[in-house]
Amino acid sequence: MPKKNRTYYYLALLLGLIFHANTSFFTFEKTYDAFVHIFFAQHYAESWFSTWSYKWYTGFATISYPPLVHQSIAIFSKFIGLKLGFLLWSTIMVLVYIRGVYKFSEILVGEKYAGYAALMAPFAPSFVEALHIFGQLPSLTGVAFLLNALPQVYKWFRFLRYRYLFTGFSLLACTTCAHHVTTIFGMVFFILPIMGLAVIDRACDLNGVKIDRLKLPMFLKEVFVGIPRAIVFGMTVIAITLTFVFPYWYWSATDPINQISIPHGSRDSFIEVMSSGLVFFAIPWCILLLALPFIFQKMFSKRLIFFGLSFSLAFVLGTGGTTPIPILLLGENAFNILTLDRFTFWASIMALPFWGVFIFELSEGSLKKYIIDRTNKLSHTFVFSFVFAIIIICNILIANIGFFKSTQPDKIDIDPIVKFLEMDQHDNWRYLTLGFGDQMAWLSANTKALSVDGNYHSARRLPEMTVRAVERLENAKYSGMSGLTALQQFISNADKFNLKYIFSNDKFYEPILYFSGWSKVRKLDNNIDIWEKKDVAPLPKLLPYKSIPKYQSIMWGILPIASLVILFLVCIFRKVYNLKEDRLVDDIDNSSQNWHFHITWMFVLFFGIMFFLIKSAQVYGEQNSKDNVVNAYFNALDFKEFSKAYTFFHHNNKPELEEYLIQLSLEDGMLASYTKLKNLEISYTETIESKTFAHIKANWDSSVKSYTSYHSFELVKEAEKWFINYPYEKSIIPPNQYFNTPSIDWKNQGRRSVVIDQTDRRDELDRPEVFISEANLIRKDTAIYLVGMIVNTDNVPAYITINGVLLDENNDKILDYNCRDIAKFRLMPKESTPFRIDFQDAYKQTFIFNESNAIKLEDPSGFLLNVKSMVTDEQMYTHYGINNIKLSDDSISGELINSGTKEISIPQILTTYYNHDQKLIWVEPKYLDSGVRPQRSKSFEFANEDLSDKKIIAEGLSENLFINGISRDFMNSYIEVDRLKSRENLKVRIFVNPFVPTK
C-alpha cells in the first residue's frame, strides 16, 4: 500500500470511528431494528444453545434469523451489557466495512483512488441511513464481510493461489452467519461480476495485452478454462451457506412462511408516494446522484462491463413500484416478499469506488485541472467546497432525521413495567404493548414475561396475524382496519392466549379495549396505562414448543461463532507467514473524461432539486391554497397538534387559544380523540376570488370501526394566505351549574393476607349468578352469527365473558370464538345485555391458507354457548338513559341523556331486533361520533336493519347453554320485563354501553 494511500486509509478509519461511534450513542435507540437485534442477543446470552423463545408470538424459532451478530453481542453483554455490546459490534463493523470498501476499490479502480473511496465510505448516505435510521446491523455486517471477501475471490480466480480461496471462504461463511440474504444475492450482484472481472484481467495477463487490446476470443478461451473452477467455487459456497446455518434451512423447509404479504414502502411508486421515494431512493443515493452519469460511464467500460450490468439491475430493482420492471424481473411473489430497498443499498455500495474516483479528480486530479484551466482557482475552491458542504450537511441531516420527523415514540422508562410484571406473579400471564414502537423489543429483553406480539414477522405462525397484512399488533392503527381487526382477535379472545395485561402508550386504543371488556387498572410512574382482562387463566406450567434435532442445536450454537474464529485464525496465519500480496490492477485512466458534461449535470441536478423544493413549498405550503389549508388543519387535528390547528383560523373571529382548546375538549368523543385520519374529500361552493365555502368529507379509522364525518368551513384569503373562519358556536350551559349524584360503590375486599413473597390469590369470591335468557344461531347470507341475551340475576356486579362454539352434524367442534365488542361485559345487578358473536372472522383465520379443508359455514348443525361470570368492583357509570324513541319504517331515532357528573366520551348503542315470534334475530352496534357531557343530551338516528336476509337456524336450549360450566337447567330462571318498542312488524330494544374514560 503506497504511503499516501495508507494515510488516507487510516484517516478513513479514524473518521468512521469518530463519526459513527459517537453518533450511534444518540441514534441507535430510535432506529427501527436495533432493539430487535438486542432482544435476540439477550436470548443467546441467557440460553446459548436454545433455538426456541417463548417471549413472542406464543413461541417462535430463533433459528429463523442467522445468529452471528446476536451471539457476538451476547458475548460482549457479559462484560459491558446489551446496549454497549450492540454499539461495540456496530463500531467494529464500521471499521471492517471501511476496510472492505478500500480493498474492493483497489480491484475496481486501482490503488490511487482506493484511498479516496475509503474516505468517502463512512459518509455513504445509504450506510448512514442503514445504521442510524434502520439499525440494520446484520445487513451491514454481512456487507462488510462480503466486501472483504470480494478481493480474495478475485485474486483466486486471477492468480489461482489457494490462500486467497481459503480466506474468501472464511469471509463468506461469516457473511452467511450474519445475514444469509447478503450471501445469496451477493452471489448474483457482487461475486459473479467479480469473477467476470478476474477472468478479463487473467485473459489480459496470459495474452500479455492491455484491456483495450483484449479480444473476445481471448476472453472466451479463459471463460471455458475457468468454468470448472467457477462450478467448484459455487458449489463450495452453496455448501458453506447450507452448512453454517443448516438449522435455518431445515426450519424453512419444515415450517415454511405462509402469510399475507405485509406492505412496505420500498415497493411503492416513488412518484406517487413521495415519502417512500425520499426514504428508499433520495436519501440512500443523495450526494451520489451528483456523480451518477460518471458512475454509469465508468462501470460500462470494457473491463467493468459485468459490474455495470449488475449495478444497473440493482439500481432498477431498487426503484420499487415506480416502474413495472422490478415485478417483471422478480415475479409477483418475490416482489411482494422482498424489501426492495436492499437493492438500492447494494447498488450504492457498488458505486463507492467510482465516487472515490470522482472526489479524487475533483480534489487533485484532472477535474481540478479542468476547472482551473477554464476559470480560476477560486472557482475550483468553490466547487470543491460546495461538494463537501453537501456531503457534511447530508450526513448530519440523515443521521439526525429523527429530530425533524419522529420515527419512534418518545423514550419509555421500562423499569416500572418490569417491576409490575415481576410482582404478584403477573408474569404468569402474557402481556401486550400498544404504542411502544420498537421499544417493545427492549421491554421483552428485560423481562421474563411473555408477549403475544413480536417484532420479527417472518417467524410468527399465529393465524390471527398471518392472515392480515399487519407487521405487529403494537402499531396496528398504522395498518388501518386490517391491523385493528388483527388486534381485536387477541383482545377479544384473550383467554385463548392467556393474555391478561396490556400496557398502552396511545390513547387511540382505549375504545377497543373498553368495549372488548378490558378494564384500566392504573397508570404507572412512566405514564403508561395498564389494562387488565378479568377471568383469564394463567399460563400452563408446560408450554408447547417445536423441537429440532439435538445436533442442529449444537450446530447453531457452535458453527456461526466458529466461522468468526476460523476467520481470525486465517488472518493470523497470513500475518505470521507474511504472505506476499499480488499486484492487482493499474489505476483507471480519466485523462479523456468529458468533465464539461459531468459538471453541467451536477449543477443542473442541484439547482433542479432546489427549484423543485422551492416550488413544492409554494405549491404545497400549508396556506398557499384552499386545499392545502383544509388538509393542514385536519392533519393537525389528526396528530393532536391543536395549537398548530389554531393558527389556521382567521384572526377576525377566532377566540383565544385557551377557549379553542376548551371547546375541543367539550366536543370529546370518537372523532375528537380516538381516530386516525385516512383521507379527505373536498368540494367548494359559492367561490369568489378571496372567499369560498368548503364542504369536507373526512374518512377516519377508529380502533372499533371506520367513520365518516362531514364539515362545512368558510375560507377567506388574505395576504396571499388562506384562512378558516372559526366555525364553532358557544356551548349552551345547563341551568344547574352545580349538581351531584348519589352513587353506590363496590369493593372486593377478599380474604387476602399479607405475605412477603406474593399475593395469595386463593380467595376468589363465588361467581355471581347470571342467566342466558335467549340464544339463537343466525345465518346472514353465507356468514354465521350467534345472538342472545344475558341477565345478571345476582345482587352484586358481574363481569362476563361469552364464548360460542359451532358444531357439525356429529357434534364435533368446527370452530369457536369469543364475543368481541358487541355486548356489555360489566353488568350491574339485574341488568341485561344483548350480544353477538361473529364467526366469520374466526373462519377466515382458520381456513384462509387451507381452503381445501375448509368447512362451509352454512353447514353447522348446532352450537354451544359458554358464559362465565365473576365478581367485579369496577366502578360502572349508570347515570344515563334513552328518551323519545321513535320508530319509522326506515330508521330509529331517540335521545341519549347523560344525567350524571361525568362525560360519556363514546356512547355505544346496542339495538336488538325481534321477529314476529318475538325471537331475538339480530344485534346491531352503533357508535356515536361525539361524547355527551354531564347534564346534556344528544340526539341520534340510524337506519333500520334489513331482517329479510337473516334466518334462525338453531335455537339455544338448556343442553347447549352453559353458565360457569353448568347447564342452564340448574340455574334460576329470570323473567325480564318486556321493554320492546314496536311498530307493525318491527320490534326492537335499545341498550346503551357508555365509555367513560378514567384518569
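The following exchange asks how several descriptions of this predicted model are reached.

Visitor: Why is helix H13 called largely enclosed by the rest of the structure?
Guide: Helix H13 runs over residues 292–299, and six of its eight residues are buried, so the helix counts as largely enclosed. The buried residues are Leu292, Pro293, Phe294, Ile295, Lys298 and Met299.

Visitor: What makes H5 and H17 roughly perpendicular to each other?
Guide: Helix H5 (residues 111–120) and helix H17 (residues 341–364) pack at an angle of about 105 degrees, with their axes 7 Å apart. Angles of 65 to 115 degrees count as roughly perpendicular, and H5 and H17 are therefore described in that way.

Visitor: Which residues make that contact, and how do they divide by character?
Guide: On the H5 side the contact is made by Lys112, Tyr113, Tyr116, Ala117 and Met120, while the residues of H17 include Trp355, Phe360 and Glu361. The residues of the contact of H5 with H17 divide into ten nonpolar, two polar and three charged.

Visitor: How do you know that Phe386 and Phe603 form an aromatic pair, and why is the pair called stacked?
Guide: The ring centres are 5.5 Å apart and the planes differ by 10 degrees; centres within 6.5 Å make a pair, and planes under 30 degrees apart count as stacked, so both conditions are met. The pair links distant parts of the chain, with Phe386 in helix H19 (residues 377–399) and Phe603 in helix H28 (residues 595–620), 217 residues apart.

Visitor: Why does Phe386 count as buried or exposed?
Guide: Its relative accessibility is 12%, and because buried means under 20%, Phe386 counts as buried.

Methods
Residues numbered from 1 in each chain as written. Predicted model: local features only at pLDDT ≥ 70, side-chain atom pairs only at ≥ 80, totals over all residues. Heavy atoms only, no water. Buried < 20%, exposed > 50% of the residue type's maximum accessible area, 1.4 Å probe, protein only. Helix = DSSP H or I, 4+ residues; strand = E, 2+ residues; numbered from the N terminus. Axes fitted to C-alpha atoms, helices over the stretch in contact; angles between N-to-C directions. Parallel < 35°, antiparallel > 145°, perpendicular 65-115°, else oblique. Contact = heavy atoms within 4.5 Å. Nonpolar A, V, L, I, M, F, W, Y, C, P; charged D, E, K, R; others polar. Phe/Tyr/Trp six-rings, centres within 6.5 Å; stacked < 30°, edge-to-face > 60°.
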